[in-house]
Amino acid sequence: EAYKSEIASATAPDEKQLEEFRIKYLGTKGLVKSVMGEMKNVPADKKKEFGQILNEFKLFTEQRYEDLKLAADSGPASVGTSIDLSLPGDPIPIGSRHPITMMKNRIVSIFQRLGFAEAEGPEIEDDWHNFGALNLPPHHPARDMQDTFYIQQNPDWVLRTHTSNTQIREMEKGKLPIRVICPGRVYRNETVSARSHCFFHQVEGLYIDENVSFADLKQTLYFFVKEMYGKDVKVRFRPSYFPFTEPSAEMDVSCFICGGKGCNICKKTGWVEILGCGMVHPNVLQNCNIDPNKYTGFAFGMGIERPALLKYDINDIRLFSENDIRFLRQFTPAI
Ligand code: PHE
């Protein structure tokens, strides 16, 4: 019993003392072994009783050793206590969304509310889906509008110059009506500067059904602009040219930076160009086996970089793709 209380009050706040405890009580020449050795001197009729006491003593000592070991493991400050559950947890860093992604999501979600489904297509594309089917036959001068990166020539493989390839692929599926919104990265062989890059992002839309008219196009884009830039924003359409739409237009919104009064962004005109659009050219429908006498449709396309630059007040387009963590961290956490 005296040993027991000595053992019970023994402390071992560090590894050295813990080892000393083990040698003193549990080692080959330790106390427990030597009391066990006394068994041979115990008269036979007392052996059972004595054995029980010794066994209990051995277990007690071993248990005490385990307890001290646990306490020593969790550090000197917490000897005799368990883990402190009141300590605050380690913070888990949460990534942020890329400004291009946020802008893309915003644009896409407005059209989704109108019933447009998101569609994706390949960034490496054959000549037919990027140009031919879109009414740009070989040697068509309008191919120069989009400086193309060729991966291979004859047959031609390109880095897509617009996401219109996705619209062709949707039309080829042969299921009508079609209402898709196609975001994605596109490539053009342009000199990289603060204002333009050799790759950027677009969102294009396509709606094909019976009796789709230019009025539908205007109303859809009008709705988009109100959701995107506020209900007081005005729009205007200017006639334009795209090989895959006829008639074609470009749409401007009254400058949302200066409210139309004239600033650097709108070059004092009061208007900012935001997208190209038009009624899908009958040749394009035919190329995708859609009967142009039965179906009509409209299409539109816009860049994502420019609205993102304006919204987040960023002055260099290259920042979007440099992966500078100091830049990226400034945006909303991705939760
Ligand atoms: N594909 C055109 C571009 O990349 C945009 C566009 C799409 C214009 C659909 C009209 C209709 O510039």
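Buried means a relative accessible area under 20%, exposed means over 50%, and partly exposed covers what lies in between, with a 1.4 Å probe and protein chains only. The structure is a predicted model, in which local features need pLDDT of at least 70 and side-chain atom pairs count only at pLDDT 80 or more, while totals for chains, interfaces and linings use all residues. Residues are numbered from 1 along each chain as its sequence is written, and side-chain values use heavy atoms, with hydrogens and water left out.

**Exercise 1. Determine which parts of the chain the salt bridge of Glu 210 and Lys 294 links, and classify the accessibility of both residues.**

Step 1. A salt bridge requires a side-chain nitrogen of Lys or Arg within 4 Å of a carboxyl oxygen of Asp or Glu; for Glu 210 and Lys 294 the closest N and O atoms are 3.9 Å apart.

Step 2. Glu 210 belongs to the loop between S6 and H8, whereas Lys 294 belongs to the loop between helix H9 (282-287) and S10, so that the pair links distant parts of the chain, 84 residues apart. Helices (H or I, at least four residues) and strands (E, at least two) are DSSP runs, numbered from the N terminus.

Step 3. Glu 210 is partly exposed because its relative accessible area is 41%, and Lys 294 is partly exposed because its value is 44%.

Step 4. Elsewhere, Arg 236, Arg 238, Asp 252 and Glu 273 are joined into one network by salt bridges that share partners.

**Exercise 2. Describe the salt bridges Arg 113 to Glu 227 and Lys 173 to Glu 170 by distance and by the accessibility of the partners.**

Step 1. The structure holds 14 salt bridges, and one of them joins the side chains of Arg 113 and Glu 227 at 2.5 Å, N to O. Arg 113 lies in the loop between H5 and strand S1 (117-118) and Glu 227 in helix H8 (residues 214-229), so this pair ties together parts that are 114 residues apart in sequence.

Step 2. Arg 113 has a relative accessibility of 53% and therefore counts as exposed, while Glu 227, with a relative accessible area of 35%, is partly exposed.

Step 3. The side chains of Lys 173 and Glu 170 meet at 2.9 Å, N to O. Here Lys 173 is exposed, with a relative accessible area of 57%, but Glu 170 is buried, with 14%.

**Exercise 3. Characterise the ring pair of Phe 111 and Phe 300, and place Tyr 207 in its surroundings.**

Step 1. A pair of aromatic rings is described by the distance of the centres and the angle of the planes. Rings of Phe, Tyr and Trp (its six-membered ring) pair if their centres lie within 6.5 Å, and planes under 30 degrees apart count as stacked, over 60 as edge-to-face and the rest as tilted.

Step 2. The structure holds 16 aromatic pairs. Among them, Phe 111 and Phe 300 are stacked, at 4.8 Å centre to centre and with 25° between the planes. This pair links distant parts of the chain, with Phe 111 in helix H5 (residues 99-112) and Phe 300 in strand S10 (residues 296-303), 189 residues apart. Both Phe 111 and Phe 300 are buried.

Step 3. Ring pairs link Phe 111, Phe 116, Tyr 207, Phe 224, Phe 298 and Phe 300 into a cluster. Within it, Tyr 207 is found in strand S6 (residues 199-209) and is buried, with a relative accessible area of 17%.

Step 4. Contact means heavy atoms within 4.5 Å; not counting residues up to four places away in sequence, Tyr 207 touches Phe 116, Ile 178, Arg 179, Val 212, Thr 296, Gly 297 and Phe 298.

**Exercise 4. Locate the annotated Glu 246 and list its contacts.**

Step 1. UniProt, in an unreviewed entry, places the feature "binding site" at Glu 246; UniProt positions are given in the numbering used here, feature names are shortened, and annotations may be inferred rather than shown by experiment.

Step 2. Glu 246 lies in strand S8 (residues 245-254) and counts as partly exposed, at 48% relative accessibility.

Step 3. Leaving aside neighbours within four places in sequence, Glu 246 is in contact with Met 279 and His 281.
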